[in-house]
Amino acid sequence: MATPPLVDLHCHGALGHEFGRDTDGSSRAAAHHRAGGVGTLVASLVSGRPDTLIGQVATLAPLVASGELAGIHLEGPFLSEERRGAHDPSVLTDPDLALVESLVATCAEAGAPNALVQWTFAPERTGSGELVAALARHGILPAVGHTDASAEVVTSMLASIADTCGRPPLVTHLFNGMPPFHHRAGGPVAAALAAAGRGECVVELIADGVHLSADVVRMVFETVGPQHIALVSDAMAATGLGDGAYTIGTLEVEVADGVARLADGGSGRGSIAGSTSTLADCVRWAVEVAGLPEADVLTAATTTPASILAS
Ligand SMILES: CC(=O)N[C@@H]1[C@@H](O)[C@H](O)[C@@H](COP(=O)(O)O)O[C@@H]1O
C-alpha cells in the first residue's frame with residue numbers, strides 16, 4: 001500500500017533507543033520511523049523527575065531545531081496513579097508550573113522556542129486549570145489522558161481547554177490509560193467520544209492490533225469520523241528490533257511476540273507498555289485487519305494530526 005508521508009503525534013523511540021536518552025540514539029530512532037513512512041514525528045517522553053525531563057528535553061530540542069523532529073510531547077508526570085499504565089508511580093505528581101517554565105526555557109535556549117507541542121495530564125489532578133492556562137500561554141496543546149476522572153470532569157475540562165486555547169484538545173490514546181466504558185458510568189471514554197462527535201476534540205487511537213480490538217477501532221471511525229481521530233504509534237524502544245528486555249523510562253519491559261509489557265516476574269499480566277509498531281504498521285492493520293476504508297485511515301494518519309501541529 002503506497003502512502004503519503006504520515007504524521008505521528010505520539011512516539012517514544014525505536015531500534016533500542018528511547019527518545020531523550022542521548023542525541024545519537026534519538027536521531028537513529030527518528031530515522032527508523034522516517035524510513036517507515038513517517039514524514040512528521042513528535043517525540044514523546046514518559047513521566048520522569050523534573051531534572052530527568054529537563055535533560056531529555058535539552059537533548060531533543062536541537063533535533064526539533066534541525067527539523068529531524070516536529071516537536072516534543074510530555075506524557076506526564078501529572079497523571080493518575082490508578083491509570084498510570086507504564087508510568088513510574090514514584091514520579092507522578094500534581095501539575096508543577098515551574099517545570100513547565102523550565103522546559104519552555106530549555107527549548108528556547110536550544111533555539112527551538114516552540115518545540116513543546118502537546119502535554120498529557122489527568123484533569124482530576126489539583127491545579128489542572130492553572131496548568132491549562134500556562135500551556136495555552138506557551139502555545140502547547142493540552143491533552144487529556146491517563147485519567148480516572150468521571151465523564152463530567154473530562155467533559156468540562158475538554159470544553160475549558162477549547163475555550164482557553166481556542167482550538168480542540170487531544171485525548172491521549174483513547175481507551176488506554178482510562179477506565180473502560182460502563183453503561184452506568186461512561187467515564188472519559190463517553191466524554192471524549194461525545195466531544196469528538198461534536199468536533200470539540202481529537203482522539204488518539206493506537207491501531208496496532210494489540211491495544212484495541214478491530215470492532216472498537218471501527219466503532220470510533222464510524223461514530224466520530226476520521227477528521228476527529230489521530231492514529232498514533234505509541235512506539236517504544238523495541239520497535240524495529242525483536243522480542244527481549246527493554247526499558248520505558250525507569251521501568252523494565254519484556255517484549256514477547258511483539259507485545260511490550262512491564263516486567264512482572266513472568267506472570268504475563270504487566271501493563272502494556274507502548275507498541276512495537278510504526279505508524280505505517282498501524283495504517284496497514286486498520287485497513288487490512290479492521291477493514292476500514294483506506295482514505296479514512298490516511299486522513300487519521302495525515303490530515304487530522306497535521307491540523308493539530310498547524311493550529
Ligand atoms: C507509553 C504509555 O503510557 N503507553 C500506554 C501504557 O501506559 C498503557 O498501559 C497501555 C494499555 O493501557 P490499558 O491497559 O488501559 O488498555 O497503553 C499504552 O501502551
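**Strands, a buried glutamine and lone cysteines**

Trainee: How many bridges join S1 to strand S4 (residues 38-45), and are the two parallel or antiparallel?

Mentor: There are 4 bridges between S1 and S4, and the two strands run parallel. Strands here are DSSP runs of E with at least two residues, helices are runs of H or I with at least four, and both are numbered from the N terminus. Two strands pair if DSSP finds at least two bridges between them.

Trainee: Before we go on, what sort of model is this?

Mentor: The model is predicted, so local features need pLDDT of at least 70 and side-chain atom pairs count only at pLDDT 80 or more, while totals for chains, interfaces and linings use all residues. Residues are numbered from 1 along each chain as its sequence is written, and side-chain values use heavy atoms, with hydrogens and water left out.

Trainee: Back to the strands. Which residues sit across from each other in S1 and S4?

Mentor: Cys11 has Ala43 of S4 as its bridge partner, and Asp8 faces Leu41, also in S4.

Trainee: In what order do the strands of that open sheet come?

Mentor: The order of the 8 strands is S1-S4-S5-S6-S7-S8-S9-S10, with parallel pairing. At the edges you find strand S1 (6-11) and strand S10 (229-231), each pairing on one side only. Helix H10 (residues 303-310) packs on this sheet and touches several strands, including S1, S4 and S10. Touching, or contact, means heavy atoms within 4.5 Å.

Trainee: S1 pairs on one side only. Is S1 enclosed or open, then?

Mentor: S1 is largely enclosed by the rest of the structure, because 6 of its 6 residues are buried. Buried means under 20% relative accessible area, exposed over 50%, and partly exposed in between (1.4 Å probe, protein chains only).

Trainee: What about S5?

Mentor: Strand S5 (residues 71-75) has 5 of its 5 residues buried, so S5 is also largely enclosed. In a regular strand the side chains alternate between the two faces of the sheet. In S5 both faces are covered: Gly71, His73 and Glu75 are buried on one side, and Ile72 and Leu74 on the other. S5 is joined to S4 by 4 bridges, and these two strands run parallel. One spot to look at is Ser44, which stands opposite His73 in S5.

Trainee: New topic: where is Gln118, and is it buried or exposed?

Mentor: Gln118 lies in strand S6. Gln118 counts as buried because its relative accessible area is 3%.

Trainee: What does the side chain of Gln118 reach?

Mentor: The side chain of Gln118 comes to 3.0 Å from the backbone oxygen of Leu9. Gln118 and Leu9 are 109 residues apart along the chain, yet their C-alpha atoms are separated by 8.6 Å. The side chains of Gln118 and His73 also share a polar contact of 3.4 Å. A polar contact is a pair of N or O atoms within 3.5 Å; within protein, one must be able to donate a hydrogen and the other to accept it, and residues adjacent in sequence count only if both atoms are side-chain atoms. Leaving out residues up to four places away in sequence, Gln118 touches a set of residues, among them Ile72, Leu141 and Glu204.

Trainee: And His33, where does that one lie?

Mentor: His33 is part of helix H1 (residues 23-35). With a relative accessible area of 0%, His33 is buried. Beyond neighbours within four places in sequence, His33 contacts residues including Cys11, Leu41, Ser233 and Thr278.

Trainee: Cys11 again! How many disulfides does the structure hold?

Mentor: The structure holds 0 disulfides (pairs of cysteine sulfur atoms within 2.5 Å). For Cys11, the nearest cysteine sulfur belongs to Cys282, 9.9 Å away. Cys11 counts as buried because its relative accessibility is 0%.

Trainee: Why does Cys201 have no bond to Cys165?

Mentor: Their sulfurs are 13 Å apart, and Cys165 holds the closest cysteine sulfur to that of Cys201, so the gap is too far for a bond. Cys201 is buried too, at 1% relative accessibility.

Trainee: Last one: which residues of helix H9 (residues 294-301) are buried?

Mentor: Val297, Leu298, Ala300 and Ala301 are buried in H9. These residues are on the same side of H9, because they cover an arc of only 160° around the axis, taken from the directions from the helix axis to the C-beta atoms. The buried residues of H9 pack against S1, helix H7 (214-224), S10, helix H8 (279-288) and H10.

Terms used. Axes fitted to C-alpha atoms, helices over the stretch in contact; angles between N-to-C directions.
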